[in-house]
Amino acid sequence: MPEKKRLRILHVLLSRGFAGSERSTAESCNQQCLEHDVAVVVRKDHRKAGASVVDQLDSRVEVYEIHAFFFALWQLKSVLAKFKPDLIHTHLRRSTRLVAKAKPRAATCSTLHIEVNGPYFLHMDGLICNARWQVAKVPSEYGGMIHKASNSLQPHRRISKQQRQKLRSELGIEDSHYLIGAVGRYHTSKAWDTLIKAMKRVDCEQARLLFFGGGSLEGGLKGLASSDKRIQFIGFRPDIKDLYQCFDLFVCPSRYEPLPRVMLEAYDAGLPIIASDTGGCKELIDDYGGWSFSTDNVSELEACLQSCCDDRPSAERPDLSAHYVENANAAIVDFYCRLIDKKHAQY
């Protein structure tokens with residue numbers, strides 16, 4: 001077999017903080033740097049609330065900082081001249097716009113963390129879609145290549161029964177309790193209000209709904225849930241992947257969701273899942289099982305919760321190997337190579 005070419009891959013991410021898009025970028029960089037030369041361009045003020053993608057990067061990944069507004073195009077062109085990438089991979093709208101304006105000779109692609117929400121995505125040589133609905137919504141006039149990726153997942157270690165019992169006890173959960181987990185930012189798109197309203201209608205004294213996350217809506221959500229002592233807000237937990245294995249049920253009620261990583265992590269933990277029928281939630285339920293309800297339909301969600309509380313479905317772990325970061329990344333690197341070959345053919 002021919003030897004694999006060592007690529008020079010440049011990621012461009014001009015967001016702040018560390019959330020889903022940043023986490024996905026870090027995983028790609030860290031996996032790709034095992035076999036290729038990888039660098040990432042970030043904005044100088046990349047930290048938000050003390051968090052940054054830079055903290056999650058392998059030491060082998062080069063980091064270039066540029067100003068997000070002043071002379072950003074000139075600074076990016078300087079990075080391109082220094083690093084000389086074979087492939088430039090952009091993330092989110094600002095990065096994609098800046099790279100398109102630079103008109104590099106290198107092949108370019110952008111991950112649709114949301115969708116084609118700006119004209120510059122159509123200037124990329126390739127688009128990476130994590131969900132089938134994203135592929136369907138790419139404008140018909142787009143002339144580049146499209147890759148349907150499998151959103152990456154780092155499978156987590158199994159915790160012991162003793163560890164599970166200890167963690168549940170720390171959360172105030174007894175053996176007889178039916179623990180329902182909800183994980184994510186307290187944001188309107190997550191529809192936590194819908195879940196709280198549905199939970200308050202469920203007739204099950206042993207049910208407990210715990211929220212893990214944070215955000216500006218926390219006060220309002222706590223107020224909405226205050227009359228039901230079965231509902232608690234725990235906050236952020238760095239050991240959330242251990243805690244998944246302490247849940248009995250996982251709920252993702254989002255109003256909008258490209259392809260939720262939290263659902264993949266819950267499947268990896270073997271959890272039964274209830275999710276809305278929006279976007280990527282429906283795709284994962286269709287692929288890996290669970291129960292879906294019409295987005296924002298409190299009565300339908302109540303019925304799903306009540307059924308699970310009454311019958312308590314058993315845990316099952318589906319085959320998620322296509323999402324394992326090494327497999328998902330290998331497919332993306334193959335896409336890079338096809339983009340590079342096509343780009344070279346143009347010169």
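**Salt bridges and fold of a predicted chain**

Student: Which side chains meet in a salt bridge in helix H5, at 2.6 Å?
Tutor: The side chains of Lys-166 and Glu-170, at 2.6 Å, N to O. A salt bridge here is a side-chain nitrogen of Lys or Arg within 4 Å of a carboxyl oxygen of Asp or Glu. The two residues are 4 apart in helix H5, about one helical turn. Helices are DSSP runs (H or I, at least four residues), strands likewise (E, at least two), numbered from the N terminus.

Student: What kind of model is this?
Tutor: It is a predicted model: local features need pLDDT of at least 70, side-chain atom pairs count only at pLDDT 80 or more, and totals for chains, interfaces and linings use all residues. Residues are numbered from 1 along each chain as its sequence is written, and side-chain values use heavy atoms, without hydrogens and water.

Student: Is Lys-166 buried or exposed?
Tutor: Exposed, with a relative accessible area of 52%. Buried means under 20%, exposed over 50%, partly exposed in between (1.4 Å probe, protein chains only).

Student: Which residues do shared salt-bridge partners join into one network?
Tutor: Arg-132, Lys-148, Glu-283 and Asp-287. The whole structure has 28 salt bridges.

Student: What does Asp-248 pair with?
Tutor: Arg-164, with the closest N and O atoms 3.3 Å apart. Asp-248 is in the loop between helix H8 (240–244) and strand E11 (249–252), and Arg-164 is in helix H5 (residues 161–170), so the pair ties together parts 84 residues apart in sequence. Asp-248 counts as buried at 18%. Arg-164 is partly exposed at 27%.

Student: And which residue does Asp-45 meet?
Tutor: Arg-43, at 2.7 Å, N to O. Asp-45 is partly exposed at 35% relative accessibility. Arg-43 is buried, at 7%.

Student: New topic. Where does His-91 lie?
Tutor: In strand E4 (residues 87–91). His-91 is buried, at 1% relative accessibility. Leaving aside neighbours within four places in sequence, His-91 contacts His-11, Val-12, Leu-13, Thr-25, Thr-111 and His-113. Contact means heavy atoms within 4.5 Å.

Student: Now the fold. How many helices and strands?
Tutor: The chain has 12 helices and 13 strands. Its radius of gyration is 22 Å, close to the 20 Å that the globule rule gives for 347 residues, so the chain is as compact as a globular protein of that length. The radius is taken over C-alpha atoms; the rule is 2.2 Å times the number of residues to the power 0.38.

Student: How much of the chain is buried?
Tutor: Of the 347 residues, 53%.
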